[in-house]
Amino acid sequence: MSNKVALITGAGRGIGNGIAIKLAKDGFNIVIMDVLKEEDISDNIDLVKDEDVEVLYIKGDITSSDSRINVVNKIMDKFGRIDVLVNNAGVAPRNRMDILETTEESFDFVNNINLKGTFFLSQVIANKMISLIGKISDYKPTIVNISSMSAYTSSVSRGEYCISKAGVSMVTKLFADRLAEYGITVNEIRPGIIFTPMTEVVKDKYDKLIGEGLTPIKRWGYPEDIAKVVSSLCSGNFSFTTGEFINVDGGFHIQRL
Ligand SMILES: NC(=O)c1ccc[n+]([C@@H]2O[C@H](COP(=O)([O-])OP(=O)(O)OC[C@H]3O[C@@H](n4cnc5c(N)ncnc54)[C@H](O)[C@@H]3O)[C@@H](O)[C@H]2O)c1
């Protein structure tokens, strides 16, 4: 097995958990960072542990500077390297509110996690990756950001979420540009409608929209659909690709007449 290490944020459940399982199958040792209590997601962590790799769970909040530093220190103590960062942790607004009524509190809640947390975790991990270059043979670190179809689609009842994901797309570009000189690639996946705890609360709405043909491929996406593409981006086959995004959305992005 390889001794490479992948850190996936928000991998306690949903898309992140699917990514962790797939990267474990690919042979990466896995670090899960999530705000959830370990005992509440032990079944999901066990699914990652089923693969023959080391799995480390670190309870932590990407918005907290202390948590971010703690994650780096724990990974370095245990593994001595970080090869992959998947910035997956994210939240929807607690309540969907029209942009004419939404609150600063909701704006800050969503953007603090999805955008600011992603930016500053990328910063601390990127600096650690840079410091490891030349010290580990065949070291080709990469970062994958999970943004959303909301990076470019208007949903006026959750504008703060759309803004946060558009921001994540700029985080992709900025870090791709800045880290290219070190050979660190940074790419992005834009999921469509994916069945997870985040979306199961709006299942009926999306069942109807998908049934009516909202997406050319008429089905929900699943965490595995995203995980397979993350796996490809981390395979080494995309070494001359950076600052790029891939829609994994059943064709939602196609403009149709
Ligand atoms: N489900 C979809 O349809 C969909 C579509 C597009 C994009 N996305 C994005 O994919 C990512 C994963 O979404 P999901 O559907 O699996 O959601 P989810 O709510 O099921 O999982 C998100 C995970 O992130 C964790 N998390 C939240 N805040 C955190 C923080 N501050 N620090 C660390 N961990 C934190 C949660 O505890 C949870 O385990 C999110 O960024 C989301 O915006 C989801």
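Student: Let's start with H7: how many of its eleven residues are buried?
Tutor: Buried means under 20% relative accessible area, exposed means over 50%, and partly exposed lies in between, with a 1.4 Å probe and protein chains only. Helices (DSSP runs of H or I, at least four residues) and strands (DSSP runs of E, at least two) are numbered from the N terminus. H7 is largely enclosed by the rest of the structure, because the number of its eleven residues that are buried is eight.

Student: Before we go on, what kind of model is this?
Tutor: Residues are numbered from 1 along each chain as its sequence is written, and side-chain values use heavy atoms, leaving out hydrogens and water. Local features need pLDDT of at least 70, side-chain atom pairs count only at pLDDT 80 or more, and totals for chains, interfaces and linings use all residues, since the model is predicted.

Student: Which elements do the buried residues of H7 pack against?
Tutor: Those buried residues include Pro-223, Asp-225, Val-229 and Leu-233. Contact means heavy atoms within 4.5 Å. The packing partners are H1, S4, S5, S6 and strand S7 (245-248).

Student: H1 comes up there; how far apart are its end C-alpha atoms?
Tutor: The expected span of a helix is 1.5 Å times one less than its number of residues. For the twelve residues of H1 this gives 16 Å, which agrees with an end-to-end C-alpha distance of 17 Å.

Student: How many of the twelve residues of H1 are buried?
Tutor: Gly-14, Asn-17, Ile-19 and Leu-23 are among the buried ones. Their cover includes S1, S2, helix H2 (42-49), S4, strand S5 (142-146) and helix H7 (223-233). H1 is mostly covered, and its count of buried residues is ten.

Student: Which residue just after H1 takes a positive phi?
Tutor: The phi in question is about 105°. The residue that takes it, just after H1, is Gly-27.

Student: And where is Asp-138, with its positive phi?
Tutor: Most residues other than glycine have a negative phi. Asp-138 departs from this with a phi near 55°. Asp-138 is also exposed, with a relative accessible area of 53%. Its place is the loop between H4 and S5.

Student: Which residues of S1 point the other way from Val-5, Leu-7 and Thr-9?
Tutor: In a regular strand the side chains alternate between the two faces of the sheet. Strand S1 (residues 5-9) has five of its five residues buried. Opposite Val-5, Leu-7 and Thr-9, the ones pointing the other way are Ala-6 and Ile-8.

Student: Is the β-α-β crossover from S1 through H1 to S2 right-handed or left-handed?
Tutor: Two strands pair if DSSP finds at least two bridges between them, and S1 pairs with strand S2 (residues 29-34) in the parallel sense over five bridges. Ala-6 has Ile-30 as its bridge partner in S2. A crossover is right-handed if, with the strands pointing away from the viewer, the path from the first strand over the helix to the second runs clockwise. The chain's crossover from S1 through helix H1 (residues 14-25) to S2 is right-handed.

Student: What is the bridge partner of Ile-8 in S4?
Tutor: S1 and strand S4 (residues 84-87) pair in the parallel sense over three bridges. In S4, Ile-8 is matched with Val-86.

Student: Which element gives the most to the largest nonpolar core?
Tutor: A nonpolar core is a set of buried Ala, Val, Leu, Ile, Met, Phe, Trp, Tyr and Cys residues joined through side-chain atoms within 4.5 Å. The largest has 33 residues, with Leu-7, Val-31, Leu-85 and Met-129 among those touching the most other members. Elements giving two or more residues include S1, S2, helix H3 (65-78) and helix H4 (104-132). With eight residues, the element that gives the most is H4.

Student: Which residues is Val-71 in contact with, leaving aside its neighbours within four places in sequence?
Tutor: Val-71 sits in helix H3 and counts as buried because its relative accessibility is 0%. Val-71 and Met-33 are 38 residues apart in sequence, yet their C-alpha atoms are 7.6 Å apart. With those neighbours set aside, its contacts are Leu-7, Met-33 and Ile-58.

Student: What is the relative accessible area of Arg-190?
Tutor: Arg-190 belongs to strand S6 (residues 185-191). Beyond four places in sequence, its contacts include Ser-147, Tyr-152, Phe-245 and Asp-249. Arg-190 is buried because its relative accessible area is 11%.
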